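Subject: Structure handover

Hello,

Here is the structure you will be taking over. Please open it first and then read the notes below it.

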Amino acid sequence: MDNKRLEQLFLSVQKPGRYSGGEINSVVKDKSKVDVRFAFCFPDTYEIGMSHLGMKILYSQFNAREDIWCERVFAPWIDFEKVMRENNIPLFALESRDPISEFDFIGFTLQYEMSYSNVLNMLDLAGLPLKSKDRKDLSPLVVAGGPCVCNPEPLADFVDIFFFGEGEEVDLELIDLYKEYKKKGASKKEFLIAAARIEGVYVPSLYHTDYNDDGTIKSFYPVENAPKTVKKRIISDLDSVHYPDRFVVPYIEIVHDRAVQEIFRGCIRGCRFCQAGYIYRPVREKSPEVINSQAKAICENTGYDEISISSLSTSDYTKLEPMLCDMLCWTEDKQISLALPSLRIDNFSEELLEKINHVRKSGLTFAPEAGTQRLRDVINKNVTEEEILRTCRTAFEGGYTAVKLYFMLGLPTETDEDLKGIADLGQKIVDEYYSMPNKPKGKAVSVSISVSTFVPKPFTPFEFEPQVCIEEIRRKQEYLKSCIKTRKINFSYHDSSTSFLEAVFAKGDRRLGAVLEEAFKLGCRFDGWDECFQLDKWLEAFKKCNIDPAFYANRERSYEEINPWEHMDCGVTKDFFVSENKKAKSAVTTPNCREKCAGCGATCYKKGVCFEKR
Amino acid sequence: MKFVSHLDMNRFMLRIIRKSSIPVWYTEGFNPHPYITFALPLSLGFESEYEIMDFRVTDDSFSLDEIKERLSSVCPEYIEIFKVAEPEKKTGKIAFAKYKIEFDTENSLFINKIEAFAKKESIIISKKTKKGKLKEMDIAPKIKEISFEHNKMFITLPAGGEDNINPTLLLDAFYEQTDNDYVCADITRLSILDGEMNEFK
């Protein structure tokens, strides 16, 4: 298809800027002068994918190498997919507009389970066979990384190679190996066998599963000398690892349209529901000097007027105050606003609030996650009601009048009393505001309570737990709604059926590949979008494949059962998750990594917080 | 750049101004940002060779040439700063815009047909009013100038706040009222003119 015709078609759909490319700082190379072409695919819309930091890091790092050209690919929205199929336009990369089927690598980033149907749809739009075994040639190789790779099994049929852990080093090791094998004209099989020997690389076709009569896994074993377990990769020194000095700056507005500066990886907290809190262990920090100079470069090279600090828990950064001082020095001068998301309630100090006050004032968001102290102890969210109220008071005194609170519903051991606790906590915050003698006149307080449905995830102490069934979740939502008596509290919740599907795929095994393919054929895509999600189609797909989704989502698993993700080693041991699960059941908390080592196993990486002086 | 809407273009130029480090006047509201305005918004899908953007520089020591140089150094190659100058007229004086419409065909018959259509004494189109109602309107008398050259049509139409006729209205009417197959066309705005047909500055 010639460019002119393609551009005419862009104009027939919503937001052509999603597909036209040519943004500032996008990288265009001469394809005859590179050895490896990499199509970096984000299986969601442009606006979401372009907001993702991991993609920016790898795009910049790959393109820093002369022999690699990495381009961006996003899932076309429904309207443009229709146009593409009607006009036989294969999925193309934004920079060159070349079909991605001509590339050496097609790399997906798997950020959430609800994007899996888009992965299949994108392979299909590229004109490639969905299944790994049906793609016979060495290239294109379909590879995938991102947090969902900690349980890659539902995608095992489709993806040739998974990267487990942080990608900066392992991705390039694999690309170098590929160059070598491509040169000597090796077969795909030969390459896959060699690739599996790189630490952090998982080749699903080199593993087999036997099942028990009850459907659980009997054994899982490698062939062709592939390693028995796949060890997660981490970057040991964040100061020296590649970080982009410029981002591609989109023309159309994206979700996070700002500069982003990473400050550390991992989280010391160990909230028991949180997968990110375990799979990114151990905590490793960047130094304030490096953060400051990287942030400055990005702002200068993009023209962004806002920069956001990125980490799992900003206020746990050990050198937060000096870092903010350094940054505010130049951001204020240049009218750049500094955003600090992911603050924790318990160490939210007045000085910190003062610092944020120097920049733009927006709403405050906190995540107590559960309504009663008992349940917060169960999930190891170590914040107390007094801390929450004190923080809200500090915020109110600092001029804030809106507070947003996040909670989860359906947590293990949860009772109606815990749900009522959510409403009570909201009421206490409202009361706290009106008890202030110097509250702003004529301004009402607004407390937003947003409730999501708990999804038990692999590599958490709750990996053994069943998810509460959809009907019971709906009852809990209605009950909580009935507990809220004031209009000062704004209550919102989400339909639980996407959370159900998320639980199935988070804890699923490779038999789900058939369901995924069936659902894709039935037209499922963009499952994370309310306007596209069709639970009935998914249930039809499960039925056709004779698979009960409740087996994965709603079944309690014994500590002895072999989980589908047991060959993936993230450093944190199953023994630790078992002991944490037992502690959760008796509402006993675990101190954070800086208070006391809980012996999770992540010390095996010999880096970061595990070796800090306590 | 033709896929960049007017609002996106505005945001894009804000970033360009930031990158250039030229001291410009900021709005003083809740969310301060450099104050810039485009004299005449460009439709999505159009290219242009004549765009005017207004902004106020707060430091007198910058010469016009220096501003031009600074802006040019941070602009991508497909955005060219032609000139930096003091404004001469208020944007309300904009009266016309001239467009080039290049059809993707070598078929002179097609061009002859569209020429005949465009030169009719009356071309009734239906246009949505601001209230959302469809209103019939004759655009033939509104065409200030029209000429043809191979596969290109040059047309000058009313533009600005008073009366604004988008050239796609003429093309849409042509396809609706004749039985011609759709031919791709690139539309480029060539200039913005005042009531005396002088270039607006």
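Helices and strands in these notes are DSSP runs (H or I of at least four residues for helices, E of at least two for strands), numbered from the N terminus. With that settled, A:Pro282 can be placed in the loop of chain A between helix H9 (276-279) and strand E12 (284-285). The peptide bond leading into A:Pro282 from A:Arg281 is cis, with omega near -5°.

This is a predicted model, in which local features need pLDDT of at least 70 and side-chain atom pairs count only at pLDDT 80 or more, while totals for chains, interfaces and linings use all residues. Residues are numbered from 1 along each chain as its sequence is written, chains are lettered from A and ligands numbered from 1 in the order in which they are written, and side-chain values use heavy atoms, with hydrogens and water left out.

Backbone

A cis peptide bond also joins A:Ser139 and A:Pro140, with omega about 0°. A:Pro140 belongs to the loop between helix H6 (116-125) and strand E4 (141-145) of chain A. A:Asn380 has a positive phi, near 60°, and is not a glycine. The loop that holds A:Asn380 runs between helix H13 (373-378) and helix H14 (385-397) of chain A. For background, most residues other than glycine have a negative phi, and most peptide bonds are trans.

Chain B

Chain B contains four helices and nine strands. Their order along the sequence is α-β-β-β-α-β-α-β-β-β-β-α-β. Along the principal axes, the C-alpha atoms of chain B fill a box of roughly 60 × 40 × 30 Å.

Interface

How many residues does each chain give to the contact? Chain A gives 28 residues and chain B gives 24, where contact means heavy atoms within 4.5 Å. The buried area, which is the accessible area (1.4 Å probe) that two parts lose on being put together, summed over both, is about 2200 Å² between chain A and chain B. Carbon and sulfur atoms give 54% of that area.

There are five salt bridges between chain A and chain B, each a side-chain nitrogen of Lys or Arg within 4 Å of a carboxyl oxygen of Asp or Glu. B:Arg15 and A:Asp257 form a salt bridge through their side chains, at 3.1 Å from N to O. On the chain A side that touches chain B, helix H1 (3-10), helix H2 (17-20) and helix H10 (288-302) are the elements giving two or more residues. H1(A) provides the largest share, four residues.

Aromatic rings

Rings of Phe, Tyr and Trp (its six-membered ring) pair if their centres lie within 6.5 Å. The count over all chains is 41 aromatic pairs. One cluster linked by ring pairs consists of A:Phe38, A:Phe40, A:Phe62, A:Phe105, A:Tyr178, A:Tyr181 and A:Phe191.

A charge sits over a ring if NZ of Lys or CZ of Arg is within 6 Å of the ring centre and within 35 degrees of the ring normal. A:Lys184 has its charged end over the ring of A:Tyr181, 4.0 Å from the centre. The charged end of A:Arg511 lies over the ring of A:Tyr211, at 3.7 Å from its centre.

Regards

Conventions
Rings of Phe, Tyr and Trp (its six-membered ring) pair if their centres lie within 6.5 Å; planes under 30 degrees apart count as stacked, over 60 as edge-to-face and the rest as tilted.
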